[in-house]
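Visitor: Please take one part of this chain and look at it closely. I would like to see how it sits in the rest.

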Amino acid sequence: MPDNELLTVPEVMQRLRLGRSTVYDLIRSRRLHSLTIGRARRIPASALDTYIRHHLEEAA
């Protein structure tokens with residue numbers, strides 16, 4: 001996935017296999033970085049990669 005790609009919350013839900021409220025909790029707690037464009041919430045693909053990498057390192 002390109003680094004500059006912006007993902008929607010449903011796309012992140014699908015990739016992480018998590019529910020909507022869990023994804024928004026990650027955003028609210030600043031564990032998953034996002035930005036707002038108008039009323040739309042977008043998650044940079046690089047932020048999702050960072051989140052996943054961080055959890056993989058913790059599990060190791």
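Guide: What follows is a close look at helix α3, with its setting in the chain.

This is a predicted model, where local features need pLDDT of at least 70, side-chain atom pairs count only at pLDDT 80 or more, and totals for chains, interfaces and linings use all residues. Residues are numbered from 1 along each chain as its sequence is written, and side-chain values use heavy atoms, without hydrogens and water.

Start with the layout. The chain has 3 helices and 3 strands. Their pattern along the sequence is β-α-α-β-β-α. Helices (H or I, at least four residues) and strands (E, at least two) are DSSP runs, numbered from the N terminus.

Now α3. This helix covers residues 45–59, which makes 15 residues. At 1.5 Å a residue, a span of 21 Å is expected, and the end C-alpha atoms agree because they lie 21 Å apart. The expected span is 1.5 Å times one less than the number of residues.

Which residues of α3 are buried? They are Ala45, Ala47, Leu48 and Tyr51. Buried means under 20% relative accessible area (1.4 Å probe, protein chains only). Their cover includes β1 (6–7), α1 (9–16), α2 (20–28) and β3 (40–44). Contact means heavy atoms within 4.5 Å.

Step back to the chain. Of its 60 residues, 25% count as buried. Among contacts with a separation of 6 or more, 45% join residues 24 or more positions apart. The C-alpha atoms fill a box of roughly 40 × 25 × 20 Å, taken along the principal axes.

Key: Buried < 20%, exposed > 50% of the residue type's maximum accessible area, 1.4 Å probe, protein only.
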